[in-house]
Amino acid sequence: MSHAGHRSPRIRPFLDLCTSHLSAPARKALDTFEGVLAYPTAHGWLMYAPESADERAAAYGWPAELLAIVELARAHDCAYILFDADADETDELALFDE
């Protein structure tokens with residue numbers, strides 16, 4: 001069997017981030033915001049980090065912390081964000097009480 005023209009699969013990194021970087025209202029509605037592709041996991045969400053986040057945030061009224069998170073992910077070449085309650089926090093983003 002010939003594999004001429006075979007390409008390697010594309011590998012995409014993700015930002016592993018604590019859910020405490022989302023406000024309580026954002027955590028409650030993350031997977032329902034317009035323009036957001038987020039899927040619930042056992043301890044948070046897996047979210048696509050769109051390249052045009054500023055346009056989507058403005059068009060759909062995303063909370064400011066969500067835009068900052070997506071911009072951080074993209075600044076580190078991450079295509080996805082894994083929000084997890086047990087993940088590390090970062091000083092680069094705001095923190096919210098549970």
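User: Buried or exposed: which is Cys18?
Analyst: Heads-up: this is a predicted model, where local features need pLDDT of at least 70, side-chain atom pairs count only at pLDDT 80 or more, and totals for chains, interfaces and linings use all residues. Residues are numbered from 1 along each chain as its sequence is written, and side-chain values use heavy atoms, with hydrogens and water left out. Buried means under 20% relative accessible area, exposed over 50%, and partly exposed in between (1.4 Å probe, protein chains only). With a relative accessible area of 6%, Cys18 is buried.

User: How many disulfides does the structure hold?
Analyst: A disulfide is a covalent bond between the sulfur atoms of two cysteines; the cut-off here is sulfur atoms within 2.5 Å. For Cys18, the closest cysteine sulfur is in Cys78, 16 Å away, so that is too far for a bond. Cys78 is buried as well, with a relative accessible area of 6%. The number of disulfides is 0.

User: Which element holds Cys18?
Analyst: Helices (H or I, at least four residues) and strands (E, at least two) are DSSP runs, numbered from the N terminus. Not counting residues up to four places away in sequence, Cys18 touches Phe83, Asp84, Ala85, Ala87, Asp88 and Glu89, where contact means heavy atoms within 4.5 Å. The element holding Cys18 is strand β1.

User: Where is Thr19 found?
Analyst: Thr19 counts as buried because its relative accessibility is 7%. Beyond its neighbours within four places in sequence, Thr19 has contacts that include Arg27, His43, Trp45 and Phe83. As for its place in the chain, Thr19 is in the loop between β1 and α1 (24-29).

User: What is the strand order in the open sheet?
Analyst: Strands pair if DSSP finds at least two bridges between them. The edges are β1 and β2 (38-40), each with a single partner strand, so one side of each is left without a neighbour in the sheet. The pairing is mixed, and the 4 strands run in the order β1-β4-β3-β2.

User: Which residue in β3 is the bridge partner of Ala38?
Analyst: β2 and β3 pair in the antiparallel sense, over 3 bridges. In β3, the bridge partner of Ala38 is Met47.

User: Which element gives the most to the largest nonpolar core?
Analyst: A nonpolar core is a set of buried Ala, Val, Leu, Ile, Met, Phe, Trp, Tyr and Cys residues joined through side-chain atoms within 4.5 Å. The largest one has 23 residues, and Leu30, Leu66, Ile81 and Phe83 have the most contacts inside it. At least two residues of this core come from each of β1 (14-18), β3 (44-48), α2 (53-60), α3 (64-75) and β4 (80-84). The top contributor, with 5 residues, is α3.

User: What pattern does the protein follow along the sequence?
Analyst: There are 3 helices and 4 strands to place. Reading along the sequence, you get β-α-β-β-α-α-β.

User: What share of contacts between residues at least 6 apart joins residues at least 24 apart?
Analyst: One single case of a contact list is Leu30, which touches Leu22, Val36, Ala38, Trp45, Met47, Leu66 and Phe83, not counting residues up to four places away in sequence. Over the protein, among contacts between residues at least 6 apart in sequence, the share joining residues at least 24 apart is 70%.

User: What percentage of the 98 residues is buried?
Analyst: For overall dimensions, the C-alpha trace spans about 55 × 30 × 25 Å along its principal axes. Buried residues make up 38%.
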